[in-house]
Amino acid sequence: MQSAMAAPALAPVTRQVSGSTVPALVPSSALGSERGQPLATAVAELPVLDASGRPVPFGELFRERRAVVVFVRHFLCYICKEYVEDLAKIPKSFLQEANVTLIVIGQSSYRHIEPFCKLTGYSHEIYVDPEREIYKRLGMKRGEEIASSGQSPHIKSNILSGSIWSLWRAVTGPLFDFQGDPIQQGGTLILGPGDNIHFIHRDRNRLDHKPINSVLQLVGVQHVDFTSRPSVIHV
């Protein structure tokens with residue numbers, strides 16, 4: 001089963017960055033119905049919250065720059081945790097060289113941002129959409145679609161140990177809180193500058209996230225080795 005709107009692909013061509021040849025972000029002729037379609041003003045004006053609870057219009061995050069924007073399921077999801085742990089390994093210098101920013105958006109209270117960053121070691125930009133309005137407007141799926149997503153290079157835990165750890169974090173926290181809607185799926189977009197949508201992938205289920213290096217390649221960010229794991233603080 002396909003998502004509500006066809007997800008466009010990007011055909012990498014080459015350009016020069018610091019003397020080396022890397023893929024450039026160019027829409028291919030095979031793009032779906034969203035090819036060249038700008039982000040709706042109504043969506044760009046919706047707020048996300050930063051770690052202090054300050055609202056920021058979604059469109060402001062990429063008005064002046066290109067951004068890889070990763071929407072995650074919820075902050076207690078062990079799959080999201082391990083995926084974001086690998087996002088945390090992307091050196092800021094790699095992103096700066098390609099003039100790209102990395103943004104994670106969750107759907108919990110903003111009060112969970114700081115603990116989640118400490119848990120995962122993530123130090124790039126992060127915001128939340130607690131009402132899931134942007135998730136809904138972008139057509140992110142709610143519910144699990146039964147589909148084979150292959151073996152993720154970013155998930156190390158099995159479903160039993162991962163689920164037990166997620167539940168333990170929920171019941172031992174200050175409040176019994178799943179930190180978001182447990183059946184909300186996420187997705188990955190490449191946006192900006194301005195209202196340009198270059199790429200969108202909507203996760204069909206919790207394991208259907210895009211491999212990180214495949215997304216980085218589309219924006220000209222060099223390959224990252226995800227085989228070594230950073231130390232993380234469990235909170």
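How many of the ten residues of α2 are buried? The legends below address this point and its surroundings.

**View 1. Helix α2 within the predicted model.** This is a predicted model, in which local features need pLDDT of at least 70, side-chain atom pairs count only at pLDDT 80 or more, and totals for chains, interfaces and linings use all residues. Residues are numbered from 1 along each chain as its sequence is written, and side-chain values use heavy atoms, with hydrogens and water left out. Ten of the ten residues of α2 are buried (under 20% relative accessible area, 1.4 Å probe, protein chains only), so the helix is largely enclosed by the rest of the structure. Among them are Tyr-78, Lys-81, Glu-85 and Leu-87. Helices (H or I, at least four residues) and strands (E, at least two) are DSSP runs, numbered from the N terminus.

**View 2. The surroundings of Val-72.** Val-72 lies in the loop between β5 (66–71) and α2 (78–87) and is buried, with a relative accessible area of 3%. Beyond its neighbours within four places in sequence, Val-72 is in contact (heavy atoms within 4.5 Å) with residues including Cys-80, Val-84, Ile-105 and Tyr-135. Val-72 and Arg-206 are 134 residues apart in sequence, yet 9.2 Å apart in space, C-alpha to C-alpha.

**View 3. The largest nonpolar core.** A nonpolar core is a set of buried Ala, Val, Leu, Ile, Met, Phe, Trp, Tyr and Cys residues joined through side-chain atoms within 4.5 Å. The largest has 36 residues, and Leu-87, Ile-90 and Tyr-122 have the most contacts inside it. Its largest share, six residues, comes from α2.

Methods. Buried means under 20% relative accessible area, exposed over 50%, partly exposed in between (1.4 Å probe, protein chains only).
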